[in-house]
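Here is a colleague's note to read beside the structure. The points are numbered and can be checked one at a time.

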Amino acid sequence: MSHHAGTLLGQDDPAPFEVLNEAGKGHSLFVCDHASRVIPKSLGTLGLPEEERKRHIGWDIGARKVTEILVDRFDCPAVLGGFSRLVIDCNRQLWDPTGMPEIADQTVVPGNKNISPTEHMKRIREIFLPYHGAIEERIANFHAHKIVPALIAIHSFTPVFQGFERPWEIGVLWDQDDRIPVPLLAKLREQNPDLTIGDNEPYSGQHMADYTIDHHGEAGGLPCVSIEIRQDLIDTDEGCEKWAKILGDAFVDILADPNLYKIRRD
């Protein structure tokens, strides 16, 4: 991408999304909205030191690695976000102020103060829309092959939030469509009786801050689910491998059921 006046991204920046295993034979599409903590060169550091940009406010720690392992296991494609959620959060409605936060978990983000409408639009046009366009294209490709894909979003969450110690190791988030989440919760509990597993915890899939699944999954009638794994459990490669296996083992029978891959029409 060549940088010229009036654009956000330059030739030294990565693409706004990355597609993994494009030719995968599996019938699911994995997405990872917050896979990256990269900030476009033209925005510098958004006024934040590196230790802040490395925190959960910049990305979902461990989520990319877990997604990569699941993609390999199930031979499915995935779409990963290319930039930090501090630049624009691709899992938020465009009207949501947390989409370009001026304050992120009590940290002031100087580079997000007083953004002009023009600058705001650059982030939407060059990052948000291409990322969601890539997801739409993968889904369209499934439909072109007469496949209704399952849509699975991978996220991670902080162990402590606003002073509250979160007891869950993993959470299953969902709204209207119970085809994946209900059997997934049952499998996770059956296979891991010692774990505290959240059903719409620590967040609810019915909340507006779940744009990707709402927009591409629920609205399209696709079987879908959003997964949250606690960050202190997946901040190492070993942790990611362990939790990708726990999650993958619970998914095996669900994703192998041909009856899953149908449009939900109610």
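**Notes on the model**

1. E201 touches W168, G171, V172 and L173, leaving aside residues up to four places away in sequence. Keep in mind throughout that this is a predicted model. E201 sits in the loop between β10 (197-199) and α5. Is E201 buried or exposed? Neither label fits: E201 is partly exposed, with a relative accessible area of 33%. For orientation, take I135 as a second landmark. E201 and I135 are 66 residues apart in sequence, and their C-alpha atoms are 25 Å apart in space.

2. Next, the sheet. It is open and has seven strands, in the order β1-β3-β2-β6-β11-β9-β10. The pairing is mixed. Which strands stand at the edges? They are β1 and β10. Each has a single partner strand, so one side of each lacks a neighbour in the sheet. From one strand to the next, the twist averages 20°.

3. Start at the β1 end. Strand β1 (residues 17-20) pairs with β3 in the antiparallel sense, over four bridges. Here L20 stands opposite A78 of β3. β2 and β3 run parallel and are joined by three bridges. V31 stands opposite V79 in β3. Strand β3 is covered on both faces. A78 and L80 are buried on one side, V79 and G81 on the other.

4. Now β11. How many of its residues are buried? The count is seven of seven, so the strand is mostly covered. C224, S226, E228 and R230 lie on one face, and V225, I227 and I229 on the other. The buried set thus includes E228 and R230. β11 pairs with β6 in the parallel sense, over seven bridges. In that pairing, L151 has C224 of β11 as its bridge partner.

5. On to β9. Four bridges join β9 to β11, and the two run antiparallel. I170 has I229 of β11 as a bridge partner, and L173 has S226 of β11. With β10, β9 pairs in the parallel sense over three bridges. There I170 has I197 of β10 as its bridge partner. I170 and V172 point one way from β9, while G171 and L173 point the other way. All four residues named here are buried. Three of these names have come up before: G171, V172 and L173 are among the residues that E201 touches.

6. Helices pack on the sheet. α3 lies across β1, β2 and β3, and runs at about 170° to β2. α4 also packs on the sheet, touching β9, β10 and β11. The direction of α4 makes about 160° with that of β10.

7. Look at the helix pair α3 and α5. Helix α3 (residues 117-144) and helix α5 (residues 211-218) pack at an angle of about 35°. Their axes are 11 Å apart. The crossing is right-handed. From α3, the contact uses F128, H132, I135, E136 and I139. From α5, it uses Y211, T212, H215 and H216. These residues divide into four nonpolar, four polar and one charged.

8. Why is α5 called largely enclosed? Seven of its eight residues are buried, so the rest of the structure largely encloses it. The buried ones are Y211, T212, I213, D214, H216, G217 and E218. Their cover includes β2, α3, β6 and β11.

9. Finally, the nonpolar cores. The largest has 37 residues. Those with the most contacts inside it are F30, I154, L184, I227, L247 and F251. Elements giving two or more residues to this core are β2 (28-32), α2 (63-74), β3 (78-81), β6 (150-157), β9 (170-173), α4 (181-191), β11 (224-230) and α6 (237-256). Which element gives the most? α6 does, with nine residues.

10. F251 is worth selecting in the viewer. F251 touches F74, I152, I180, L184, V225 and I227, again leaving aside residues up to four places away in sequence. Apart from the largest core lies another, of 34 residues. Among them are I57, A104, I124 and L222.

Technical notes. Residues are numbered from 1 along each chain as its sequence is written. This is a predicted model: local features need pLDDT of at least 70, side-chain atom pairs count only at pLDDT 80 or more; totals for chains, interfaces and linings use all residues. Side-chain values use heavy atoms; hydrogens and water are left out. A nonpolar core is a set of buried Ala, Val, Leu, Ile, Met, Phe, Trp, Tyr and Cys residues joined through side-chain atoms within 4.5 Å. Buried means under 20% relative accessible area, exposed over 50%, partly exposed in between (1.4 Å probe, protein chains only). Contact means heavy atoms within 4.5 Å. Axes are lines fitted to C-alpha atoms, for helices over the stretch in contact, and angles run from 0 to 180 degrees between N-to-C directions. A crossing is left-handed if the near helix is turned anticlockwise from the far one by less than a right angle, and right-handed if clockwise. Ala, Val, Leu, Ile, Met, Phe, Trp, Tyr, Cys and Pro count as nonpolar, Asp, Glu, Lys and Arg as charged, and the others, Gly among them, as polar. Two strands pair if DSSP finds at least two bridges between them.
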